[in-house]
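Thank you all for coming. Today I would like to walk slowly through one place where two protein chains meet, so please keep the picture in view while I talk.

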Amino acid sequence: MSNTKAILLVGVGGQGTILASKILSEGLVAAGYDVKMSEIHGMSQRGGNVSTQIRYGDKVYSPIVGKGEADVIVSFEVMEALRWVEFLKPGGGYIINDNEIPSVPILMGAAKYPEGILADLSAKARTRIIDANAIAEKLGNKQTQNIVLLGAAIRALSEAGDTALAGIDWDGIIAKNVKEKFVDVNKKALQEGMAAN
Amino acid sequence: MGEKLLLTGDEAVARGAWEAGLEFASAYPGTPSTEILENLALYKPDVYAEWAPNEKVALESAIGASLAGVRALAAMKHVGVNVAADPLFTFSYTGVTGGMVLVSADDPGLHSSQNEQDNRNYAQAAKVLMLEPADSAECLAFTKLAFGLSERFDTPVLLRMTTRVCHSKSLVETGERVTVPAVPYEKKIQKYVMTPANARVRRAFLVDRYKDELAFAEKEALEAGINRIEWGTPAEGSERVGVVSAGVAYQYAKEVFGEEASYLKLGITWPMPVETVRDFASKVDKLYVVEEVDPYMEDRIKAAGIDCIGKAVIPEWDELNTDIVRKSVTGEAAATLTSELAPVPRPPALCAGCPHRGLFYALSKRKDIIITGDIGCYTLGSAPPLSAMHTTFCMGGSISTGHGASKALAKSGSDLKIVAVIGDSTFFHTGVNSLMNVTYNSSKIVAVILDNRITAMTGQQENPGTGYTLQGDVAPEIDIPKLVEAIGIKKENIWTVNPLKLDETNAAIDAALAADGPAVVVTKWPCVLKKLTGEDVDRYKALGTKCYVDQELCKNCKICTKTGCVAIYNSDHVEINEEMCTGCTLCAQTCPFDAIKER
């Protein structure tokens, strides 16, 4: 209810939003919160837009984030940040991956990718733009862009006053959720995301 | 000792069923229900779990397990219950031996479905007790409870879920598995042979069963907290607001009406405990009914002469959420940010490298055909630029609707021909019956069976054609060409092609359309998302290379973009995103200038 916080992770099918939100929500449970997380599978996986919604607090009812309610929106893609603008709480913050993925109408030449999204959103809300793909590539595993963005989200929630998050054993939760040979690179990705400016 | 876990509703149903001593589970995959069986499969060997070819077979198999004395479950999406409705309505008459739970996963908002039917209506129509969980903890608890209720009242129990309940995670406390000994088999012809004479006796039994279930719903269920009242603390001087709700709608109501309102939160919604509602209503000044889709509870409450506000303010279609409920009730909308920029839609599309694309590209070039379609990823072949599917209704419907259309066209002297397009799993589901009708009643259609070696749409499930079962055992693969030949398609009218080879595919379609009698084209190539088995790798040599556009040779004719491939970027010139490209070379085959090369 009143102390409930909400996070949206939005992107395009196949970007790894689901793993990132799984790790985040397990961390929130470890911090003692009541947590609900909702995601949409099915048709939306085939290159459509995807969203994972997380709400946490003392007692959470709805599993879905309402308009004007998200404390943080982590967007894995630039245009998806725009699609969800109405869901950001006035005063809330954006983390946007500086990565443009054209959708089918754009690929077909039937529409243009909107210009100036980052400038527009930055002028309206506290926005941190991260080139998670470049960071992940530097770490030697492009797939870890999702964990870079997760690191940035955890930092944003901590800065917004969520002191419980810093004490969570994120490395342990990562180890539980990714294959052994990818644990180290994902731990590094999380650190990079937390540090990224 | 119980563990606190964050589980989806589907995972929690599987856990609850396992804890309740479930022995047998069957399902056909369907969003949002698929993960129930996928999770039950992990409880091997405690639980035997299988994919059935369709929902009717799944339910009938679970019925068989129940009458053989064990606890059994069948799970399906809402439209799957239509397929399984025939056994359901009569199983309600016979009742059970081992407890039997049917899970119906409805999809308000049509996230991944062809309609938005409200399967609560089935509970009344088939006269089966219904439970509606509102979060994962209730999914676990109600599933466990359902088996006991099924045995106590001698009825199948409908566990009605919705997408948000199935696919949302919330905390559950797990328990231990109980062992339920199998009930020794006894021949009970009057109970299990539904001849009219026996069925009349069971029909009378339903009247008494209903009374017992209703008494349970009104009293014991309230005492046990399955239905519960939460009294609010209204601000002084303000009216007492009461809310009747169930399922995920209850969660939205709690967010909107807060702690000031009182709630009657129902876990059992058939039989509908209207006297509990009447008593609750008498203690509040204003009564709201908050429910998704149909006015299911509202109609029953109003029929009992109880005043309430429901669909007069709350929409009766689409998924609800807190915003919609708030706006409906208070007229207030949340303060939001806005932007003058408009995002371009991002509809789903066939993957880069999808074998279906080759077939649909070939079909898209033909003007003299009606393409009847079916349910699966390949329904995306209806989207531009391919636009190569003209009808889609239900699982297995492509061949039969094509048959009827072909008869009508022939009778009216039209030259249009029918191509029916159906996936492998959908063909096994119910398409095979339709093809029997085509040969039996001799219509001249071309059925294209898109054999991508997996059930792809719902996330890569095995089926009778893939060679493996749900729990990983090796199974015989149905030989589709042999099967259709046995049904009566002439051997010379059956072609098997690689749909990513356009020449081969076009030649087969040409020949099939010109064939004497009905014809079948099997397009056989694995789904690009399929985790290839050893045999797959041998049979379908991995492609591996990438394609690129030689800008020197490209005349910018854009023909390659008509494939609708998501790896092709069409701006002032054409480029291939090599990260997405799988090297299927379909675009290269369409290029008149040989400007698309392989790396």
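Between them, chain B and chain A bury about 4900 Å², and 62% of that area lies on carbon and sulfur atoms. I should say at once that what you are looking at is a predicted model. On the chain B side, B:Leu337, B:Val344 and B:Arg346 together supply 19% of the area that chain B buries against chain A, which is more than any other three residues give. If we count residues instead of area, the contact draws 56 residues from chain B and 58 residues from chain A.

Let me turn now to the polar side of the story. There are 19 residue pairs in polar contact between chain B and chain A, counting pairs with both residues at pLDDT 80 or more. Which parts of chain B reach across? At least two residues each come from helix H7 (163-167), strand S8 (168-173), helix H10 (248-257), helix H13 (322-330) and strand S20 (568-570) of chain B, and H10(B) gives the most, with 6 residues. Sorted by character, the residues on this side of chain B are 28 nonpolar, 16 polar and 12 charged.

As for salt bridges, 5 are found across the interface of chain B and chain A, including one in which the side chains of B:Glu340 and A:Lys124 meet at 3.4 Å, N to O.

Finally, please look at the strands, where strand S2 (residues 34-39) of chain A runs antiparallel to S8(B) and is joined to it by 2 bridges; in one of the pairings, A:Ser38 has B:Ser168 of S8(B) as its bridge partner.

Methods. Residues are numbered from 1 along each chain as its sequence is written. Chains are lettered from A and ligands numbered from 1 in the order in which they are written. This is a predicted model: local features need pLDDT of at least 70, side-chain atom pairs count only at pLDDT 80 or more; totals for chains, interfaces and linings use all residues. Side-chain values use heavy atoms; hydrogens and water are left out. Contact means heavy atoms within 4.5 Å. Buried area is the accessible area (1.4 Å probe) that two parts lose on being put together, summed over both. A salt bridge is a side-chain nitrogen of Lys or Arg within 4 Å of a carboxyl oxygen of Asp or Glu. A polar contact is a pair of N or O atoms within 3.5 Å; within protein, one must be able to donate a hydrogen and the other to accept it, and residues adjacent in sequence count only if both atoms are side-chain atoms. Helices (H or I, at least four residues) and strands (E, at least two) are DSSP runs, numbered from the N terminus. Ala, Val, Leu, Ile, Met, Phe, Trp, Tyr, Cys and Pro count as nonpolar, Asp, Glu, Lys and Arg as charged, and the others, Gly among them, as polar. Two strands pair if DSSP finds at least two bridges between them.
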